[in-house]
Amino acid sequence: MRGQHTQASLEQEQVVKGYDPVVMRRIIGFARPYKLAAILALLALAISTAGELLLPVMLQRAVDEHLLATHRRFDLEQATEVQRQLREEERPVDADFPSDSLDPDAIVALLQANQITFVRLGEALYVLESEAQRLSGAEQEVLREHGILEPDGYYLFPLNEDTREAAGDELIAENAETGAVPVDVLEQLPEERLRRLRSHDIDGVVRVSLVFLGVLVLVLIFTFAQTYLTAYVGQGVMKDLRMRLFDHTVHQALRFLDHNPVGKIVTRLTNDVETINELFTQVLVNLLKDIALMIGVVITLYLLNPRLATVVILTLPPVIVLTLVFRVRARTAFRRVRHAVSNVNAFLSEHISGMAIVQMFVKEKRTGRRFERRNRELLDANLGEMYVFATFRPLIDLLSTTSIAAVVFFGAHFYLDGVVTLGVLIAFLNLVRMFYRPVMDIAEKFNLLQSAMAGGERVFSVLDHDDRVPDSGARNLPRPVRGELVFEHVSFQYVPGEPVLKDLSFHVNPGETVAIVGFTGAGKTTIANLLTRLWDVDEGRILLDGIDIRELPLSELRSAIQPIQQDVFLFDDTVAENIRLGQPIGDDQVVEAARTAQASEFIERLPHGYYTPLNEGATVISTGQRQLIAFARVLAHDPPVLIMDEAPANIDTETELLIQQALKRVLAGRTAMVIAHRLSTIKHADRILVLAHGELVEHGTHWELLQNGGLYSTLYKYQYEGLER
Amino acid sequence: MITEYRTLLPYMRRYLRFYIVGLAALALTSGGQLFIPQLLRIAIDEIAAGDFQIREITRLMLQLCALAAIIAVGRFGWRYFIHGASRRIEVELRGDLFKHLLKLDPSYYARTRTGDLMARATNDLQAIRMASGMALVAAADGIFMTLAILVILFVQMPPMALLTVVPLPLISILIVSLGRTISRRFKRVQEGFSRLSENTQEAFTGIRVIKSFVKESYFLRRFGAANYDYQRRNLELVIIWGLFMPAVTFLSGLTMLILLRVGGESVIMLGFTPGEFVATLNYLEMLTWPMIGAGFTVNVIQRGAASLARINQVLREEPEIVSSPDGRRVAPHTGIEVNSLSFRYQDDAPDVLADVTFTVEPGRSIGILGRTGSGKTTLVKTLPRLIDPPRGSVLVGGVPVEAYDLGSLRLLFGVVPQDGFLFSTTVRENLAFALDDADDALLRRVAEIAAIDRDLQLFPNGWDTVVGERGITLSGGQKQRIAIARALAKDPEILILDDSLSAVDTETEERILTGLLEYRVGKTTVIVSHRVSTLQRADNVIVLDGGRITQSGTHHELIRSDGFYREIYTIQQLEKQLHH
């Protein structure tokens with residue numbers, strides 16, 4: 001039954017896997033309780049990204065509509081005239097032109113079809129330059145050829161007394177609300193007149209600025225909200241995952257825990273979970289944002305101007321190729337660095353721990369050289385990684401500038417064709433820069449994604465492995481628990497082929513104190529392990545008050561039979577908490593237990609009495625005092641059966657005396673098995689079991705055994721104390 | 001703070017050329033970047049004017065591409081030289097740190113945790129690298145770019161445009177001030193993390209108590225509290241950290257806002273051309289990074305100084321056990337003489353050894369028995385000066401140990417310590433640790449004596465099996481036997497076995513000792529042990545109790561007289577009977 005599990009350990013080969021959908025799905029599964037926060041985070045992400053994209057667009061609108069505000073004029077008189085001529089000469093309108101007529105109605109229809117707003121002043125239509133470019137190049141060409149679309153720009157303004165006066169003689173057209181002047185004229189106007197004429201635009205700039213500020217604030221708030229919310233989800237998932245891991249691991253059988261060093265368990269619970277955290281806070285969010293931003297930029301580019309957008313897209317293939325190459329190279333370089341780093345660190349930590357050996361063997365020089373070699377390897381790996389990054393980033397920057405150059409070059413052509421305005425061109429310059437910003441990050445994020453996957457895999461492999469002591473017992477102990485113990489033909493081995501207990505049978509009456517005596521390796525401690533079901537017997541059975549302990553619920557068994565271990569383990573908490581161990585026991589009961597255990601005296605002398613924290617490896621507490629705290633612990637929990645592994649350590653005489661007194665009180669009124677190392681303990685026992693090689697060789701009272709003249713009497717003769725082995 | 005950086009000077013001087021070339025490349029890059037907005041300005045203005053030649057634009061854009069290529073080269077250059085220098089300095093500093101560590105006494109390692117030294121060799125060196133590389137770049141670039149851009153804005157743009165830079169210094173201030181809070185909270189997160197680790201570590205170390213007292217749920221709650229606390233600390237960090245980039249974006253957005261408002265009006269009033277508007281926009285974007293860099297530099301330099309202080313602390317540590325200048329290199333013979341040796345670790349501590357006197361003739365062996373803490377290990381450590389004994393109290397070959405060249409003295413000895421520390425490498429390399437070139441026949445011979453040969457056949461890769469942390473886990477006995485073989489391979493004049501057979505069963509032990517003493521005929525051997533069966537092989541035995549010699553003599557003498565030796569002997573005899 002055992003054996004097949006003994007190899008079950010957390011050992012994992014270090015395969016760095018790429019994206020693993022199963023692991024990913026399980027990680028996402030842990031995010032389910034945080035669905036609302038996750039949705040809000042995505043929402044915030046969408047809003048902040050949209051906001052960031054909106055900013056350059058707003059800038060463009062401001063430039064086109066307010067800063068420049070140049071209008072194109074469509075001359076309707078000329079249109080009528082041209083149409084008349086065409087009809088006379090029976091010439092068709094140019095094939096590229098969507099309408100078969102060039103009369104004013106057709107022009108108006110054309111503008112309306114392209115959703116271009118226009119202002120009619122006299123026999124001319126005025127259209128904002130940025131809107132005029134919605135007409136195709138061919139259409140504009142036709143109109144320009146026929147002199148309908150004029151090359152000169154016009155400035156339009158709301159007409160009132162003030163602006164009429166400011167425009168003065170330059171006013172070339174007007175209707176009730178709007179006036180127009182040629183753009184060239186503006187430069188010749190004195191400043192004061194110019195300001196009055198353009199006060200409408202200045203107001204517009206102020207308005208746009210305010211909206212711009214609003215969007216900025218919005219971006220600020222939502223970017224923050226998104227960062228915080230994702231961190232909240234990530235941290236929440238980590239917390240739950242760690243909790244699950246702890247809960248799962250703490251319930252595993254000792255078999256499992258003995259095979260996995262504590263350090264490894266700690267790493268799974270902390271570092272490995274932490275790499276998954278990166279997945280949320282770094283990868284998912286940034287990747288999503290980066291991708292959203294890039295897609296957003298492309299969409300915006302197309303909305304602004306499909307032709308120029310296509311130019312930008314055409315400059316992208318080198319970027320994509322470069323990024324793919326970089327990803328591979330960076331990964332290789334990164335792995336090499338990680339390998340070299342772990343080599344150097346392992347060498348360092350090992351040789352710091354083993355420095356005594358190095359110095360004993362006078363190998364300082366050679367060790368120094370060996371370290372130097374690893375150190376150099378690390379340097380080479382680091383430099384290799386640096387080369388990759390030092391080439392990639394500048395190259396991406398170069399490509400980004402090249403894209404911009406292409407935008408300006410083609411933009412200039414399109415501008416000549418009238419299909420692009422200056423504002424759009426400016427917006428493009430900004431957007432292209434925005435597009436290139438995440439390119440460098442994305443490639444790096446993929447590496448993080450990989451390590452998160454590896455961490456996730458290790459974590460889940462722990463969760464998938466389940467090896468608990470079966471806790472299926474459903475019978476309850478009859479109350480009150482009498483504390484009668486029976487071992488029936490019990491055999492046990494930790495490692496197959498090395499039996500520790502062989503067909504062991506004995507009987508302990510309620511309230512009796514039994515001492516177990518024997519040399520190291522006789523199986524004494526194993527008896528304690530079996531009684532509390534830290535391990536299960538291989539053969540035979542153990543009965544408590546007539547019930548097989550496997551038929552009892554674990555919690556019931558373990559509250560009935562409690563151990564005092566040899567090396568008393570104290571947790572990093574207060575003295576009181578170490579006695580209580582989380583049981584709802586009142587302060588006075590704790591004090592009472594400590595007093596009975598003879599521990600109150602030294603506890604009260606501690607700096608904070610019962611509230612003195614006992615740190616790990618607490619040196620303030622001596623071995624003997626630890627023993628007394630353990631007594632108090634047991635007294636506070638008051639189990640009907642006690643199993644004590646006495647400490648063989650040399651304890652100062654004063655404490656030793658306290659322990660002896662306390663022990664009597666601890667043992668009184670309960671069944672006790674004591675794995676004894678002190679003569680006095682043995683003498684006070686009701687009965688003594690002598691164990692050798694997992695078998696019971698003698699039993700009886702101290703006097704009976706002495707008279708028998710067997711193993712015990714020989715042991716006794718040479719004093720059962722004071723020796724270390 | 002800055003004085004800590006003095007340690008770095010010699011290293012930086014060595015790479016002065018790297019730094020000069022790197023900074024020149026940086027200047028080229030930054031200067032080039034400054035021209036980009038100019039070229040764009042000219043192009044945009046020409047386009048805006050309407051009557052431009054496409055050829056002119058083509059020429060400008062080709063210039064732009066050429067400029068970008070130069071910048072790319074410059075960028076590669078400064079990264080190559082400055083990062084290269086800082087990486088090399090990091091490696092050299094780490095090398096020197098380790099060389100220094102090689103010199104420090106065992107007592108230094110007794111009071112210093114490995115983890116602490118590791119943190120210095122990794123995290124602190126990393127912080128120093130950042131300070132000697134990135135911080136320098138950020139500082140140089142920041143100052144250059146800021147000044148240059150401000151000058152350009154002053155000269156070329158209407159004075160109004162200068163208003164736009166007002167929010168930018170706020171970025172630096174924000175980073176410096178938030179940087180402090182962030183590093184404080186970050187530290188709290190790290191503390192939370194170690195608490196969580198300690199909590200886990202503790203729970204699984206004390207797992208027997210937890211299970212025996214059915215306290216799984218209580219400890220789950222305790223862990224839950226630490227877990228929650230760690231989560232909270234993380235979120236506290238995120239509140240500030242998460243504000244960071246949005247705030248920077250906001251502030252740099254504000255400059256655009258000001259440009260839009262002030263510059264926009266200026267364009268309307270024709271004081272400012274559209275091209276100038278775009279150029280200013282570009283310059284402002286360019287200023288954002290130097291401003292972030294300025295704040296970043298302050299933080300990195302501070303952190304670097306703190307880390308350098310921690311490195312300097314180690315480098316200032318001086319070894320107490322030093323080799324005598326022109327010390328003896330050859331021992332006249334290999335006898336040992338200890339004359340009324342008393343030793344204490346600290347002045348106010350009790351004596352660990354008191355008035356210990358004994359002699360071992362060259363080529364003979366001595367056994368030492370005593371309880372834990374009786375001073376056995378301290379005693380044998382004074383022989384090869386792993387602990388410095390008072391002058392003249394320990395003599396090897398009739399010469400006081402401190403009169404030897406330290407290396408030559410230690411080369412006389414082969415020490416097998418209690419714990420049998422092995423390096424995590426192959427068995428072969430461990431055995432050959434003392435040798436410069438391993439002779440297979442010799443290794444096989446000592447493996448046979450140390451009775452590790454049979455185990456080797458069972459190891460997955462035989463002699464090339466990696467042991468320890470990165471290999472297979474060995475039992476205590478296997479470790480001890482390999483450690484014995486390692487010392488034997490050196491064929492030392494004096495062999496010290498410090499309780500180094502404790503985890504080996506008695507029969508194997510007997511086999512090892514018989515072979516070992518046969519192999520070492522004519523050489524001195526010191527055997528510390530708790531087992532009489534081991535000690536009886538020694539020519540003489542001394543018994544230590546509380547740092548004093550309480551008994552001495554041959555095995556046969558000692559079992560005939562009352563005392564600790566005979567007590568132990570009797571009990572071990574008894575035990576032997578029981579086992580057979």
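How many bridges join S12(A) to strand S15 of chain A? Four, and the two strands run parallel. Keep in mind that this is a predicted model. To pin the pairing to particular residues, look at Pro563(A), whose bridge partner in S15(A) is Ile643(A).

Now zoom out to the sheet around that pair. Six strands of chain A form an open sheet, in the order S12-S15-S16-S9-S17-S18, with mixed pairing. At the edges stand strand S12 (561–564) and strand S18 (695–700) of chain A; each has a single partner strand, so one side of each is left without a neighbour in the sheet. Going from one strand to the next, the twist averages 20 degrees. Helix H18(A) lies across S9, S12, S15, S16 and S17 of chain A, and runs at about 145 degrees to S16(A).

Another helix of chain A to look at is H21, residues 587–596, where Val590(A), Ala593(A) and Ala594(A) are buried. Seen down the axis of H21(A), the buried residues fall within an arc of 100 degrees, so they line one face of the helix. After H21(A) comes Gln598(A), which has a positive phi, near 65 degrees.

On to the aromatic rings. Over all chains, the count comes to 30 aromatic pairs. One of them is Phe326(A) with Phe392(A), a stacked pair at 3.7 Å centre to centre, with 10 degrees between the planes. The pair links distant parts of the chain, since Phe326(A) belongs to helix H14 and Phe392(A) to helix H16, 66 residues apart. Phe326(A) has 3% relative accessibility, so it counts as buried; Phe392(A) is buried too, with a relative accessible area of 3%.

For another geometry, try Phe492(A) and Trp535(A): their ring centres are 6.0 Å apart and their planes are at 70 degrees, which makes the pair edge-to-face because the angle is over 60. Here too distant parts of the chain are linked, with Phe492(A) in strand S7 and Trp535(A) in the loop between helix H18 and strand S10 of chain A, 43 residues apart. Phe492(A) is buried at a relative accessible area of 2%, and Trp535(A), at 8% relative accessibility, counts as buried as well.

Rings also bring the two chains together. Ring pairs link Tyr387(A) with Tyr15(B), Phe18(B), Phe76(B), Tyr80(B) and Phe81(B) into a cluster. Arginines join in as well: Arg366(A) lies over the face of Phe433(B), 5.1 Å from the ring centre. Within chain A, the charged end of Arg307(A) sits over the ring of Phe414(A), 5.1 Å from its centre.

Note on methods
Residues are numbered from 1 along each chain as its sequence is written. Chains are lettered from A and ligands numbered from 1 in the order in which they are written. This is a predicted model: local features need pLDDT of at least 70, side-chain atom pairs count only at pLDDT 80 or more; totals for chains, interfaces and linings use all residues. Side-chain values use heavy atoms; hydrogens and water are left out. Buried means under 20% relative accessible area, exposed over 50%, partly exposed in between (1.4 Å probe, protein chains only). The arc is that of the directions from the helix axis to the C-beta atoms. Rings of Phe, Tyr and Trp (its six-membered ring) pair if their centres lie within 6.5 Å; planes under 30 degrees apart count as stacked, over 60 as edge-to-face and the rest as tilted. A charge sits over a ring if NZ of Lys or CZ of Arg is within 6 Å of the ring centre and within 35 degrees of the ring normal. Two strands pair if DSSP finds at least two bridges between them. Axes are lines fitted to C-alpha atoms, for helices over the stretch in contact, and angles run from 0 to 180 degrees between N-to-C directions. Contact means heavy atoms within 4.5 Å.
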